[in-house]
Every structure is written in C-alpha cells, then in structure tokens.
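Here are my notes on the model, point by point. Please read them with the structure open.

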Amino acid sequence: MADYKDMLDQLRNGEVKSIRIKKDEFLQFREQLVKDEQFKHFRGEAKQGGDVVFTYLPIPRS
C-alpha cells in the first residue's frame, strides 16, 4: 500500500504536479484525504476507467 500522506504532502509542497489514484485504491486514499487539514485544497478529476487525478489548489474550493 502506498503512503498516501506522503503523496499528499508532495502534492501540497509542489514536488509533484498531480497524483493518479487507481480505482481499487481510491477508498483507502480517501480515508487519508478527508483527514487532511487542507482537504478543500485538493481537487480530484475522475478519468475514464475509474482512476482519479488529484491536483493541489492554492485557494480552497467552496
């Protein structure tokens, strides 16, 4: 299992531009995502096949 907290930190710090989460990993990833204090800064875009690509927004979504 990937270390999702580290992946979110890398995204937040600008080390990576986006992260791709496979369909079968999404629920495990989401558990970590909703615990993050900057949850509203992350944007997920669903792709064909069920994968989701997350990016970090400097301004939180509403």
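1. Fold elements. The protein has two helices and three strands. Read from the N terminus, the order is α-β-α-β-β. This is a predicted model, so every value below is computed from predicted coordinates. Helix H1 covers 4-12. Strand S1 takes residues 19-21. Helix H2 spans 26-35, and strand S2 spans 42-46. Strand S3 takes residues 52-56.

2. Overall dimensions. Does the radius of gyration of the protein agree or disagree with that of a compact globule? It agrees: for 62 residues the globule value would be near 11 Å, and the protein has 11 Å. Along the principal axes, the C-alpha atoms fill a box of roughly 30 × 25 × 20 Å.

3. Burial and surface. Of the 62 residues, 26% are buried. The exposed area is about 4500 Å². Carbon and sulfur atoms supply 49% of that area.

4. Contacts along the chain. Take the contacts between residues at least 6 apart in sequence. Of these, 49% join residues at least 24 apart. Several pairs in the points below have separations of this kind, among them Phe29 and Tyr4, which are 25 residues apart along the chain.

5. Charges. The protein carries 12 positive and 11 negative charges. The mean positions of the two sets lie 7 Å apart.

6. Strand pairing. Which strands pair with S3? S2 does, antiparallel, through five bridges. S1 also pairs with S3 in the antiparallel sense, over three bridges. Two bridge partners are worth locating in the viewer. Arg43 is matched with Thr55 in S3. Ile21 is matched with Val52, also in S3. When you inspect side chains here, recall that in a regular strand they alternate between the two faces of the sheet.

7. The hairpin. S2 and S3 form a hairpin with five residues between the strands. Gly49 in this hairpin takes a positive phi, near 100°. Please check that backbone position.

8. Phe29. This residue sits in helix H2. Is Phe29 buried or exposed? It counts as buried because its relative accessibility is 0%, under the 20% cut-off. Beyond its sequence neighbours up to four places away, Phe29 touches Tyr4, Leu8, Ile19, Ile21 and Phe54. The C-alpha atoms of Phe29 and Tyr4 are separated by 6.1 Å. Ile21, one of the residues that Phe29 touches, is the bridge partner of Val52.

9. Arg30. Arg30 is also placed in H2. At 42% relative accessibility, Arg30 counts as partly exposed. Lys5 is 25 residues away from Arg30 along the chain, and their C-alpha atoms are separated by 11 Å.

10. Asp36. Look next at the loop between H2 and S2, where Asp36 is found. Why does Asp36 count as buried? Its relative accessibility is 11%, and the limit for buried is under 20%, so Asp36 falls in that class. Leaving out residues up to four places away in sequence, Asp36 touches Leu8, Arg12 and Phe42. Leu8 is also touched by Phe29.

11. Phe39. This residue lies in the loop between H2 and S2. Phe39 is partly exposed, at 27% relative accessibility. Not counting residues up to four places away in sequence, Phe39 touches Leu33, Val34 and Arg61. Lys5 and Phe39 are 34 residues apart along the chain, with 12 Å between their C-alpha atoms.

12. Ser18. Ser18 belongs to the loop between H1 and S1. Its relative accessible area is 38%, so Ser18 is partly exposed. Setting aside neighbours within four places in sequence, Ser18 is in contact with Leu11, Val53, Phe54 and Thr55. Thr55 is the bridge partner of Arg43, and Phe54 is also touched by Phe29. Ser18 and Phe42 are 24 residues apart in sequence and 10.0 Å apart in space, C-alpha to C-alpha. Phe42 is one of the residues that Asp36 touches.

Key: Residues are numbered from 1 along each chain as its sequence is written. This is a predicted model: local features need pLDDT of at least 70, side-chain atom pairs count only at pLDDT 80 or more; totals for chains, interfaces and linings use all residues. Side-chain values use heavy atoms; hydrogens and water are left out. Helices (H or I, at least four residues) and strands (E, at least two) are DSSP runs, numbered from the N terminus. Buried means under 20% relative accessible area, exposed over 50%, partly exposed in between (1.4 Å probe, protein chains only). Contact means heavy atoms within 4.5 Å. The radius of gyration is taken over C-alpha atoms; the globule rule is 2.2 Å times the number of residues to the power 0.38. Accessible areas come from the Shrake-Rupley method with a 1.4 Å probe; for residues, only the protein chains shown count as cover. Lys and Arg count as positive and Asp and Glu as negative; His and the chain ends are not counted. The place of a charge is taken as NZ of Lys, CZ of Arg, CG of Asp or CD of Glu. Two strands pair if DSSP finds at least two bridges between them.
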